[in-house]
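User: Please go through this structure with me, element by element. I should like short answers that end on the value or name I ask for.

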Amino acid sequence: MKRMVMGVTMAVAGAVGADPGGKPLEAVIAAYEKGLTGGDAAALVNLYMPDGVLMPNDNPTVTGTDGLKGFYGYTFGSGYKITAKIFIDEAKVYGNVGFVRSHSTEHVIDPKGESHDFEAREIFVMEKKGADWKIKSIEQKERSRKPTPPFITSRMQQEAARKL
């Protein structure tokens, strides 16, 4: 259950390195953030193309309007509360297609009241539909921080021998 929430835990904090053509894409992400923080499943689904895809970390892919309604409806209907920030690393527009590469931090309170903190990387693919930009897909991967290995005795001995 904890992993399922990863796909929806995003919000906007600002843009870094976005070109001028990426500004409309940033507006879509800002609307996405508003829907997340407000727990508004309908607003989130409205931001997607009818065949939109959500690929949350370690969860099955969610496709189409009905699948997205079910995913977001279940998440917010179950009582998840999300506080998150997305940092836009790059936003590019190529004709009627746009890409946003980002990283985020998320704080989630599950229905039991337990807190969970995550870091993730995302890529948004967007498509222009008429005058509006819509989300075609979102892929999210949890960032893992691997701790440095412990300084074991043999390494300490090697280091001591090197210094002597």
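Analyst: This is a predicted model, in which local features need pLDDT of at least 70 and side-chain atom pairs count only at pLDDT 80 or more, while totals for chains, interfaces and linings use all residues. Residues are numbered from 1 along each chain as its sequence is written, and side-chain values use heavy atoms, with hydrogens and water left out.

User: In what order do the elements of the protein run from the N terminus on?

Analyst: Helices (H or I, at least four residues) and strands (E, at least two) are DSSP runs, numbered from the N terminus. The protein has five helices and seven strands. Their order from the N terminus on is α-β-α-α-β-β-α-β-β-β-β-α.

User: What percentage of the 164 residues in the protein is buried?

Analyst: A residue is called buried under 20% relative accessible area, exposed over 50% and partly exposed in between, with a 1.4 Å probe and protein chains only. Of the 164 residues in the protein, the buried share is 36%.

User: Which residues of strand β5 point to the buried face?

Analyst: Strand β5 covers residues 97-109, and its side chains alternate between two faces. Val97, Phe99, Arg101, His103, Thr105, His107 and Ile109 point to one face and are not buried. The residues on the other face, which are buried, are Gly98, Val100, Ser102, Ser104, Glu106 and Val108.

User: Which residue of β5 stands opposite lysine 85?

Analyst: Two strands pair if DSSP finds at least two bridges between them. Strand β4 (residues 81-94) and β5 run antiparallel and are joined by 13 bridges. They form a hairpin with two residues between them, and glycine 95 in the turn has a positive phi of about 65°. Opposite lysine 85 in β5 stands threonine 105.

User: Which residue of β6 stands opposite serine 104?

Analyst: β5 also pairs with strand β6 (residues 115-129), in the antiparallel sense and over 13 bridges. Five residues lie between the strands of this hairpin, where glycine 113 takes a positive phi near 90°. Isoleucine 109 has serine 115 as its bridge partner in β6. The residue of β6 opposite serine 104 is alanine 120.

User: Which residue of β7 stands opposite lysine 129?

Analyst: β6 and β7 run antiparallel and are joined by 10 bridges. Their hairpin has two residues between the strands, and glycine 130 takes a positive phi near 65°. Opposite lysine 129 in β7 stands aspartate 132.

User: How far from lysine 134 is the nearest side chain of opposite charge?

Analyst: Lysine 134 is found in strand β7 (residues 132-142). For charge, Lys and Arg count as positive and Asp and Glu as negative, whereas His and the chain ends are not counted; a salt bridge is a side-chain nitrogen of Lys or Arg within 4 Å of a carboxyl oxygen of Asp or Glu. Lysine 134 is buried yet has no salt bridge. The nearest side chain of opposite charge, aspartate 132, is at 5.4 Å.

User: Which residue has its backbone oxygen 2.6 Å from a polar atom of the side chain of lysine 134?

Analyst: The residue in question is 14 residues from tyrosine 32 in sequence and 9.6 Å from it in space, C-alpha to C-alpha. Its backbone oxygen lies 2.6 Å from a polar atom of the lysine 134 side chain, and its name is asparagine 46.

User: What is the angle between the planes of tyrosine 32 and tyrosine 72?

Analyst: Rings of Phe, Tyr and Trp (its six-membered ring) pair if their centres lie within 6.5 Å; planes under 30 degrees apart count as stacked, over 60 as edge-to-face and the rest as tilted. By this rule there are five aromatic pairs. Tyrosine 32 and tyrosine 72 form one that is edge-to-face, at 6.5 Å centre to centre, with an angle between the planes of 75°.

User: How many residues apart are tyrosine 32 and tyrosine 72?

Analyst: The pair links distant parts of the chain, with tyrosine 32 in helix α2 (residues 23-37) and tyrosine 72 in helix α4 (residues 64-77). Tyrosine 32 counts as buried because its relative accessibility is 1%, and tyrosine 72 because its value is 0%. The separation of the two along the chain is 40 residues.

Definitions and conventions. Polar contact = N/O pair within 3.5 Å; in protein donor to acceptor, adjacent residues only side chain to side chain.
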